[in-house]
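Biologist: Could you take me through one part of this model up close? I'd like to hear about the place where the two domains meet, and whatever around it helps to make sense of it.

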Amino acid sequence: MVSASFSTEDKAIGYVAEFCIVCRTLRPFDIISHVPTTHIAFICVDKGKVTHTAVCDGCGMEIDVDSSNYITTLDMYDPPMDKLIATTFPNVEEVYADRLAVEDKLVNGLPLSDRERLELIQEPFDAFGSVFQSTAEYRRADGPVILSGVMAFAAPLMIILFALAKVEEYDTVRRIFIPLASAVGVLGFVLFVCFATTAKMRWIRKHVLPLVYRSLAPLNPSRIEIREALQSFIAAGTKIANKLDPDTVFNGIQAERMRPRL
Ligand SMILES: [Zn+2]
């Protein structure tokens, strides 16, 4: 039987200069190309439209980018920013002039307008909106999902095979090992369902919220401002935002503010 498989080929192709909303400045971003491919019998028969993302060298935030915004990419380790700007995105400071002016005010302790402050507080939630909305992360099995899956589906079989191989009396197998295997399987399945349905939130807590906290730390938003930002995020249709507790976000930002800067 000939089988078809679909995957994406990801390849790092070099650095560009780009603005990072988490680092709040211009940073080197590593451009990654993504090529959807179709294989039949292990032979590549089709390649889809190439897309690009960029990963910030400073914080690890990943954004979708249009590669035509950049003249080229620079393939060197730890590229100096002035060289990177001149080579890849010479007018980046012009493109982000308004934004860099707001960041200047923030760094120098100058007052922001209500609108500027509101937009800055809302920004990381909007920037990560596609991640919050995406269903792809549901399919990403993390440690708890894998372990509970093994407990649900492999452990019972291993217990029974072990008993059949090592225990001579079948009655003992029937009375002790089969109920034990069933109990382990049922418990494993319950845990598997729990962990699988909470996998996305776990992923968001681990990979997304730390970046949101880092981005918002310089603004030191109040609990009310965070509540309002989350409410507008929910109003925009991001259902998973319902599961974000404003107090948890507030405490996360305060903890980030206390963290020593390297
Ligand atoms: Zn960054």
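Modeller: Nine residues of domain 1 touch nine residues of domain 2, and bear in mind that we're looking at a predicted model here. Domain 1 covers 4-111 and domain 2 covers 112-262. On the domain 1 side of that contact, seven of the residues are nonpolar, two are charged and none is polar. Centre to centre, going by C-alpha atoms, the two domains sit 27 Å apart.

Now for the packing inside. The largest nonpolar core has 28 residues, and the ones touching the most other members are Val16, Cys20, Val22, Phe29 and Val212. Strands E1 (4-20), E2 (25-40) and E4 (51-56) each put in two or more residues, and so do helices H8, H9 (223-235) and H10. E1 is the top contributor, with five. Both domains have a share in this core, with at least three residues coming from each of them.

Cys20 deserves a closer look. Skipping the neighbours within four places in sequence, Cys20 is in contact with Thr25, Arg27, Cys56, Gly58, Cys59 and Met61.

Over on the helical side, H8 (residues 199-216) packs against H10 (residues 246-258) at about 65°, and the axes are 8 Å apart. That crossing is right-handed. From H8 you get Leu209, Tyr213, Arg214 and Leu216, which meet Gly252, Ile253 and Glu256 of H10. Sort the residues of that contact by type and you have four nonpolar, one polar and two charged.

Follow the chain on from H8 and you reach Asn220, in the loop between H8 and H9. Its phi is near 45°, a positive value in a residue that isn't glycine. Asn220 counts as exposed because it has 10 C-beta neighbours inside 10 Å, and the cut-off for exposed is 12 or fewer.

Domain 1, which runs over 4-111, has a case to set beside that one. Asp78 lies in the loop between strand E5 (62-65) and helix H1 (81-88), and this non-glycine residue has a positive phi too, of about 50°. Asp78 has 7 other C-beta atoms within 10 Å, so it is exposed as well.

To pull it together: the domain 1 face that touches domain 2 has seven nonpolar and two charged residues, while the largest nonpolar core takes at least three residues from each domain.

How values were computed:
Residues are numbered from 1 along each chain as its sequence is written. This is a predicted model: local features need pLDDT of at least 70, side-chain atom pairs count only at pLDDT 80 or more; totals for chains, interfaces and linings use all residues. Axes are lines fitted to C-alpha atoms, for helices over the stretch in contact, and angles run from 0 to 180 degrees between N-to-C directions. Helices (H or I, at least four residues) and strands (E, at least two) are DSSP runs, numbered from the N terminus. A crossing is left-handed if the near helix is turned anticlockwise from the far one by less than a right angle, and right-handed if clockwise. Two residues are in contact if their C-beta atoms, placed from the backbone, lie within 7 Å. Ala, Val, Leu, Ile, Met, Phe, Trp, Tyr, Cys and Pro count as nonpolar, Asp, Glu, Lys and Arg as charged, and the others, Gly among them, as polar. A nonpolar core is a set of buried Ala, Val, Leu, Ile, Met, Phe, Trp, Tyr and Cys residues joined through C-beta atoms within 7 Å. A residue is buried if 20 or more other C-beta atoms lie within 10 Å of its own, exposed if 12 or fewer, and partly exposed in between; C-beta atoms are placed from the backbone. Domain bounds come from an automatic or database domain assignment.
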